[in-house]
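Welcome! Here are some short exercises to work through with the model open beside you. Try each task before reading its solution.

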Amino acid sequence: MEILLAIMIGTLYAAGIYMILRRSLVKLIIGIILLGNGANLLIFLLGRITKGSPPIIPADSKVFVEAFTDPLPQALILTAIVISFGLQSFAIILVKRAHKVVKTDDLDEMNATDEFS
């Protein structure tokens with residue numbers, strides 16, 4: 001399972017970087033989304049996939065005796081999902097507004113316009 005997740009993370013990173021290097025704003029946003037999803041899976045994989053009980057220490061013991069699920073990567077991923085959703089929605093609105101003003105989504109053509117001066 002971990003090998004499959006590692007291959008998927010590599011694919012998401014490669015596709016995200018490829019999309020970021022394109023000259024379109026829409027492809028740039030899609031690349032950022034793919035990189036964010038790859039980073040979330042990487043954090044999840046680094047937390048180790050363990051089927052076990054929640055990490056609650058009984059009152060009579062001082063250490064964990066059996067395998068437990070680490071809640072920290074799950075909390076980090078949940079926070080990252082919320083932040084990336086806000087970033088994506090803000091970027092989509094910016095791209096929509098820039099396309100309305102400049103009438104293109106190509107970065108080279110947007111750089112050559114003088115409408116903002």
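**Exercise 1. Check the length of helix H3.**
Task: compare the reach of H3 with the span expected at 1.5 Å a residue.

Solution. Keep in mind that this is a predicted model.
- Step 1: count the residues of H3, which come to 32.
- Step 2: take the distance from the first C-alpha of H3 to the last, which is 46 Å.
- Step 3: set that beside the expected span of H3, 46 Å, and the two are close.

**Exercise 2. Get an overview of the fold.**
Task: find how many helices and strands the protein has, and how much of the protein is buried.

Solution.
- Step 1: the secondary structure consists of four helices and zero strands, so the order of elements from the N terminus reads α-α-α-α.
- Step 2: of the 117 residues in the protein, 18% are buried.
- Step 3: the exposed surface of the protein is about 8,700 Å², with 70% of it supplied by carbon and sulfur atoms.
- Step 4: among contacts with a separation of 6 or more, 50% link residues 24 or more positions apart.

**Exercise 3. Compare a record with the model.**
Task: look up the residues that UniProt lists under "transmembrane region" and examine the chain there.

Solution.
- Step 1: the unreviewed UniProt entry gives residues 6-21, 28-46 and 75-95.
- Step 2: across residues 6-21, the model is 94% helix and 0% strand, with end C-alpha atoms 23 Å apart.
- Step 3: across residues 28-46, the model is 100% helix and 0% strand, and here the end C-alpha atoms lie 27 Å apart.

**Exercise 4. Find the two sides of helix H1.**
Task: work out which residues of H1 are buried and where they sit around the axis.

Solution.
- Step 1: H1 covers residues 2-20, and its 19 residues should span 27 Å at 1.5 Å a residue; the end C-alpha atoms are 27 Å apart, which agrees.
- Step 2: the buried residues of H1 are Leu5, Ile9, Leu12, Gly16 and Met19.
- Step 3: these residues lie on the same side of H1, because they cover an arc of only 105° around the axis.
- Step 4: a general rule helps here: an α-helix has 3.6 residues a turn, so residues three or four places apart point the same way.
- Step 5: the buried residues of H1 pack against H2, while Ile3 and Ile7 are exposed on the other side of H1.

**Exercise 5. Assemble the largest nonpolar core.**
Task: name the residues of the largest nonpolar core and say which helix supplies the largest share.

Solution.
- Step 1: six residues form this core: Leu25, Ile29, Val95, Ala98, Val102 and Met110.
- Step 2: at least two of the core residues come from helix H2 (25-46), and at least two from helix H3 (71-102).
- Step 3: H3 gives the largest share, three residues.
- Step 4: the buried residues of H3 include Val95, Ala98 and Val102.
- Step 5: leaving aside residues up to four places away in sequence, Met110 touches Leu25, Ala98, Val102, Thr104 and Asp105.

**Exercise 6. Inspect Lys103.**
Task: state where Lys103 is found and whether Lys103 is buried or exposed.

Solution.
- Step 1: Lys103 belongs to the loop between H3 and helix H4 (107-112).
- Step 2: exposed means over 50% relative accessible area; Lys103 has 63%, so Lys103 is exposed.
- Step 3: the phi of Lys103 is near 65°, a positive value in a residue other than glycine.
- Step 4: for background, most residues other than glycine have a negative phi.

Methods
Residues numbered from 1 in each chain as written. Predicted model: local features only at pLDDT ≥ 70, side-chain atom pairs only at ≥ 80, totals over all residues. Heavy atoms only, no water. UniProt positions renumbered as here; feature names shortened; annotations may be inferred. Buried < 20%, exposed > 50% of the residue type's maximum accessible area, 1.4 Å probe, protein only. Contact = heavy atoms within 4.5 Å. Areas by Shrake-Rupley, 256 points an atom, 1.4 Å probe, with all protein chains shown as cover. Core = buried A, V, L, I, M, F, W, Y, C linked by side-chain atoms within 4.5 Å. Expected span 1.5 Å × (residues − 1). Arc of directions from axis to C-beta.
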